[in-house]
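User: I would like a close look at one part of this model rather than a tour of the whole. Please start with one residue and follow its contacts outward, in plain terms.

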Amino acid sequence: LLREAREVLLHDRAERRLNNLNYFKKVKVTNEPGSAPDRIVLNVDVEEKSTGNFSIGGGYSTNQGWLAELSVVETNLMGRGQYARAAVQYGEFAKGVELSFAEPYFLGYRVGAGVDLFMKETQASTYILYNIDTVGANFRLSFPLSEEIAIGPRYSIYQQELTLPQD
């Protein structure tokens, strides 16, 4: 009875962990007896789903005027669980570029690490009387405390330059 309960727990845990990755449309885990009484074999049948995303967006802001954004995201880059994003924003008074990358198993450990690089240029408008040029990066780590909870420090560094318009 104890062995059967253990098998059910292992089966449920494996299926839950695979579903939580959000890389698969369908996950089916079955088990069969192993080579010894205290061992089981888990058979996993999965159906992959698309993990890439391409989006185009637009809008209007009183500070930045008309805006458009084009972005490409991959949440399972090359099947390794890595996250990558590239985005370009273009607007009446603002332009920007963002690049992001995250590694879920940094240096082979169960520690996540990521970096975001960004550059944004905002021109003076009716609501903002100066130009703003910003270049920077965000660095982040993630340390798991359990299967459901992680803790993560972040560090941001940027340079911002404010200038008055020529006219």
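Analyst:
**From one residue outward**

L99 lies in strand 6, a strand (a DSSP run of E with at least two residues, numbered from the N terminus) that covers residues 94–103. This is a predicted model, in which local features need pLDDT of at least 70 and side-chain atom pairs count only at pLDDT 80 or more, while totals for chains, interfaces and linings use all residues. Residues are numbered from 1 along each chain as its sequence is written, and side-chain values use heavy atoms, with hydrogens and water left out.

Is L99 buried, exposed or in between? L99 counts as partly exposed because its relative accessible area is 44% (buried is under 20%, exposed over 50%, partly exposed in between, with a 1.4 Å probe and protein chains only). Leaving aside neighbours within four places in sequence, L99 is in contact (heavy atoms within 4.5 Å) with R85 and A86, and also with V115, D116 and L117. Another distance for L99 is the one to V88: these residues are eleven apart along the chain, and their C-alpha atoms are separated by 9.0 Å.

One of the contacts of L99 is R85, so the next step goes there. R85 lies in strand 5, which runs over residues 82–91. R85 has a relative accessibility of 19% and therefore counts as buried. Its contacts, with neighbours within four places in sequence again left out, include E98, L99 and S100. R85 is also in contact with E69, S71, V72 and V73. The pair R85 and E69 has a further detail: their side chains make a polar contact of 3.3 Å (N or O atoms within 3.5 Å, one able to donate a hydrogen and the other to accept it; residues adjacent in sequence count only if both atoms are side-chain atoms).

From R85 the path leads to S71, which is found in strand 4, residues 65–77. S71 is buried because its relative accessible area is 5%. Not counting residues up to four places away in sequence, S71 touches N53, F54 and S55, as well as R85, A86 and A87. Which residue shares a side-chain polar contact with S71? The partner is S55, and the contact between the two side chains is 2.7 Å. A86 turns up twice on this path, as a contact of L99 and as a contact of S71.

The contacts V115, D116 and L117 of L99 point the other way, toward strand 7, which spans residues 112–122. G114 is found in that strand. With a relative accessible area of 11%, G114 is buried. G114 touches F101 and A102, along with N138, F139 and R140, when residues up to four places away in sequence are not counted. Strand 8 is the run 131–144. G114 and N20 are 94 residues apart in sequence, and their C-alpha atoms are 20 Å apart in space.

One other strand pair can be set beside this path. Strand 1 (residues 24–33) and strand 2 (residues 40–48) pair (at least two DSSP bridges) in the antiparallel sense, over nine bridges. They form a hairpin, with six residues between them. Within this pair, K26 has E47 in strand 2 as its bridge partner.

Notes: Helix = DSSP H or I, 4+ residues; strand = E, 2+ residues; numbered from the N terminus.
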